[in-house]
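Reader: I would like to go through a structure step by step, with short answers. Please show it before we start.

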Amino acid sequence: MKHHGGTPPVVLFSSMSEEDRHLRFEGESDCEPAPLPTLRHSCSHIMAQAVKQLFPDVKLAIGPAIEDGFYYDFAKPEPFTSEDLLRIEQRMSEIIVKDLPFVREERPREAAIRFFEERGEPFKVEILKGIDAATVSLYRQGDFVDLCRGPHVPSTGHIRAFKLLSCSGAYWRGSEKNPMLQRIYGTAWLSREDLDKYLWRLEEAKKRDHRKLGRELDLFVFQDVSPGAAFWLPKGMVIFRELERFWRDVHDARGYQEISTPVLVHKRLWEQSGHWDHYRENMFLVEAEEQIFSLKPMNCPESTYVYRHHLRSYRDLPLRFSELGRLYRFERSGTLAGMFRVRQFTQDDAHIYCRPDQLQAEIMGVLEIVQLLYGAFGFEPRFFLSTKPEKAMGDPALWQQAEAALQDALAKRDLPHELRAGEGAFYGPKIDVVISDVLGRDWQLATIQLDFVMLPERFALEYIDADGQPKRPVAIHRAIYGSFERFVGILTEHFAGAFPTWLAPVQARVLPVSEKVAAYGRSVFERLREAGIRAELDDRNEKLNYRIREAQLQKIPYMLIVGARESQDGTVSVRRRTDGDAGVVAVEGFLAGLAAEISSRSVTLTVGRS
RNA sequence: GCCGGUGUAGCUCAGUGGCAGAGCAGCUGAUUCGUAAUCAGCAGGUCGUGGGUUCGAGUCCCACCGCCGGCUCCA
């Protein structure tokens, strides 16, 4: 891959997954020869050995190390039960105690094929027939032999900390045309402490699950009547609106013009854009008066109608049309997952139409917005540049100019990136942005996608250049949050429901100690509300401790406790959700501090007891 | 869509063929309380939906729907 100036890409992490390495025979070995992948790979062999001992009729498929663990696929008519998993785990422990050495053997490929044919392992034979090598290696531990390039730990006794996690169906070689196998997932670590830490992480993730917190904190729910689409409850809608407000503040100040285009659109549009040929199976169709319409799965084609509303001059460009468009995509029922995979969502989209010479400046502008928006949540974005694929359309010179513009824009903003050569779309190169949440999980959010073809060519977009000639603009598709739904899901889990004060559905709750000070409590509550604070008054006939506990569980950033003393002095006793009693302050002082915290959109008070 | 699991009160869950239950939440009353659960009473159900087996089905069987864990998909 040729680079077009700028700094060379910095590789942030290896792009080859352990699974690809193992399944597609990429690289030299079946797992990265580092201690942890090797250990996990060996553990998968031990699991296969245990399974073969307990269930002699199963056929072996394949068993790679993966991120955080390993799996092995088996052909078996009945699925494994959770009792089976316990028995397998126990047998594995016995194999580990025996400390069997892993022994490598090399054989001619033909001999290996005969060997596995005799042992009745059709999948191994199929793999071998696809391998282009004169000799292959086998690994043996005790009575178990597997086709494998290694490496492995010296003996089974090296496995100290492992656990089987789950089983599920998985297609042979990942294709749904192939038979379904039974996959067992496990995890293995260098020490007991590491394993415990990992299991704790799983537990923590479960506690933070946005589906659970969404219900408990009254943010959003899902109902049978609309699979894959959220019902936003009042408190969740507060977060949605704050994110919208922030987004609009940022875009309004940077020359974006917000538009809104129809949701229900005639199929003619999708035929012109190419979606009808390439994306129809993901579109919801609606028939009316013998005409076929679709709920829009994307905003882009329609933004061209806004562009074409006027004849455009080179002086008009760039035009930055933003749109918070509600999109509908048919996703197969088995793929839906809370807010993370939905059928209806709100994309924070924008389409920038510019001249080729404006590309770099526009991309830098988008990158600035990415950093600004993500910085507000403490996310540190990583950037991936995808370049021209083999089947690309458009002028090669334009491709080169565009890739250079993307790369230079990243370099000028001092942003390291990883190159994904050949992974751009057919209509242009792109930058994808990935963040890691507090639990170390990666999420791809933003995408900055250049487009020479889909919008400009298919919709014949033009501007009149300085020389009086019509020219074709370049389009930039970009989304920063990605979708509000998914972003709120990620934020909910990232903050474990304890949103920064500016996002918190309820920012302060007033708790009068008893009915005797109810009137003062109400006056404090009303002052907060008049100051634009999202406040609640909890003057129910319950003990203070009870009401504090509830406010704490609702993860409300500030509790204002008022009794006789505060009532007399015009003060409030502040309790913060993170660290409890914060002392007594005058109401005015508290209001000023809170207003400053909110308007600066600081990431505050986010670590609390869960 | 495929494999498996699962669906009982607003929530969390018990209930293995014989009168639908508990805790929390809700409502009513008592209590007037200083930094994470006061006490008592009351009310709450088409057991996901539709069929079937049975004298009798929350429970057994079939189909469908939703959800969960994966697979596949995500021009």
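Author: What follows is a set of questions and answers on this predicted model.

Reader: How many helices and strands are in chain A?

Author: Chain A has 610 residues, and buried residues make up 53% of them. Its C-alpha atoms fill a box of roughly 90 × 75 × 55 Å, taken along the principal axes. The secondary structure of chain A comprises 18 helices and 29 strands.

Reader: How far apart do the C-alpha centres of domain 1 and domain 3 lie?

Author: The domain assignment of chain A gives domain 1 as 18-207, domain 2 as 230-262 + 297-494 and domain 3 as 508-599. Between the C-alpha centres of domain 1 and domain 3 the distance is 57 Å.

Reader: Between which domains does the largest nonpolar core lie, and why?

Author: The largest nonpolar core has 103 residues, and L243, I363, Y374, F377 and L528 are those with the most contacts inside it. Helix α12 (residues 359-375) gives the most to this core, eight residues. Residues of the core come from both domain 2 and domain 3, so it lies between domain 2 and domain 3.

Reader: How many residues has the other core, which lies apart from it?

Author: This other core includes L60, F70, I88 and V153. Its number of residues is 31.

Reader: Is L243 buried or exposed?

Author: L243 lies in helix α8, residues 234-252. Buried means a relative accessible area under 20%. The value for L243 is 0%, so this residue counts as buried.

Reader: What distance separates the C-alpha atoms of L243 and W502?

Author: Leaving aside neighbours within four places in sequence, L243 is in contact with F377, Y481, F484, F487, V488, L491, W502 and L503. Along the chain, L243 and W502 are 259 residues apart. Their C-alpha atoms are nevertheless separated by 9.7 Å.

Reader: Which residues does L528 touch, not counting those up to four places away in sequence?

Author: L528 is one of the residues with the most contacts inside the largest nonpolar core. Not counting residues up to four places away in sequence, L528 touches A508, V510, I533, A535, L560, F590 and L591.

Reader: Is S322 buried or exposed?

Author: S322 is found in strand β16, residues 319-328. Leaving aside neighbours within four places in sequence, its contacts are W247, Y256, Q257, E258, I259, D349 and A350. With a relative accessible area of 2%, S322 is buried.

Reader: Which element gives the most to the surface near RNA strand B?

Author: There are 50 residues around RNA strand B, and S168, S333, N541, R549 and S573 come nearest. Elements that each supply at least two residues of this surface include β7 (161-171), α7 (210-216) and β28 (571-576). With seven residues, the element that gives the most is α16.

Reader: How many residues of the surface near RNA strand B are charged?

Author: The surface near RNA strand B has 16 nonpolar and 16 polar residues. The charged residues number 18.

Reader: How far from a base oxygen of RNA strand B does a polar side-chain atom of E515 lie?

Author: Of the atoms of RNA strand B within 4 Å of the protein, 49% belong to sugar or phosphate and the rest to bases. An N or O atom in the side chain of E176 is 3.0 Å from a sugar or linking oxygen of the strand. For N545, a side-chain N or O atom is 3.4 Å from a phosphate oxygen of RNA strand B. From a polar side-chain atom of E515 to a base oxygen of RNA strand B, the distance is 2.4 Å.

Terms used
Residues numbered from 1 in each chain as written. Chains lettered and ligands numbered in written order. Predicted model: local features only at pLDDT ≥ 70, side-chain atom pairs only at ≥ 80, totals over all residues. Heavy atoms only, no water. Core = buried A, V, L, I, M, F, W, Y, C linked by side-chain atoms within 4.5 Å. Buried < 20%, exposed > 50% of the residue type's maximum accessible area, 1.4 Å probe, protein only. Helix = DSSP H or I, 4+ residues; strand = E, 2+ residues; numbered from the N terminus. Domains from an automatic or database assignment. Contact = heavy atoms within 4.5 Å. Near = heavy atom within 4 Å. Polar contact = N/O pair within 3.5 Å; in protein donor to acceptor, adjacent residues only side chain to side chain. Nonpolar A, V, L, I, M, F, W, Y, C, P; charged D, E, K, R; others polar.
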